[in-house]
Amino acid sequence: MNSTPVMKINEFIVDDLSKSQILASRLATLLKTGDILTFEGNLGAGKTEFCRAIIHAVGYLEDVPSPTFNLVQVYEPDIVDADKPAIWHMDLYRLEKPEEIFELGIEEGFDTAITLIEWPDRMGRYLPQGSLEIKMVMGDAEGARKITFSGSEYWKKRLEGLVL
Ligand SMILES: Nc1ncnc2c1ncn2[C@@H]1O[C@H](COP(=O)(O)OP(=O)(O)O)[C@@H](O)[C@H]1O
Ligand SMILES: [Mg+2]
């Protein structure tokens, strides 16, 4: 991770939820422990659906509830699956002040898991550098979304193989 300039890396137009899920599962194959992904977009843009598809693709087949109220949901491998990275999925919409993240202990996930953060702006100055920034915007047609990936040169290289 580094703090080199953030640039737009790639943009995808998807027609429906299944296309968002395909994109998310392809992205999931490129991810590893220590990666932080932030998700911006209005309510209903599809942030949680995208995270859910990543979590399923990594191999957590259980239900993936939106962490709207508990703010953080942790997915950890059974010992037999030690190769599977842990995932910390956060929805910080209800965070009242950035300092509350320390009560939630969420920094721990940054090094030991793949971290997916909805509403990252709520963390204010504690938002870590070096994340892959994913922005979701609704299109004109129902189900259409524009999904934009931004990040450093490091992420640009990492996402070279990502196609839809
Ligand atoms: N292309 C799409 N990608 C993601 N969600 C979609 C798409 N098309 C329709 N949807 C619907 O939009 C809603 C997105 O909800 P959710 O993922 O919870 O949004 P957010 O977390 O951004 O508030 C779901 O009901 C989902 O079925
Ligand atoms: Mg959500």
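**Exercise 1.** State how arginine 52 and glutamate 49 are placed relative to each other in helix 2, and how they interact.

*Solution.* Step 1: arginine 52 and glutamate 49 lie 3 residues apart in helix 2, so about one helical turn separates them. Helices here are DSSP runs of H or I with at least four residues, numbered from the N terminus. Step 2: the two residues form a salt bridge, with their closest N and O atoms 3.3 Å apart. A salt bridge is a side-chain nitrogen of Lys or Arg within 4 Å of a carboxyl oxygen of Asp or Glu. Step 3: arginine 52 has a relative accessible area of 22% and glutamate 49 one of 29%. Buried means under 20%, exposed over 50%, and partly exposed in between (1.4 Å probe, protein chains only). Arginine 52 is therefore partly exposed, and glutamate 49 is therefore partly exposed.

The model is predicted: local features need pLDDT of at least 70, side-chain atom pairs count only at pLDDT 80 or more, and totals for chains, interfaces and linings use all residues. Residues are numbered from 1 along each chain as its sequence is written, chains are lettered from A and ligands numbered from 1 in the order written, and side-chain values use heavy atoms, leaving out hydrogens and water.

**Exercise 2.** Describe the salt bridge between arginine 158 and aspartate 35.

*Solution.* Step 1: the closest N and O atoms of this pair are 2.7 Å apart. Step 2: arginine 158 is in helix 5 (residues 153-158), whereas aspartate 35 is in the loop between helix 1 and strand 2 (36-40), 123 residues apart. Strands are DSSP runs of E with at least two residues. Step 3: both residues are buried.
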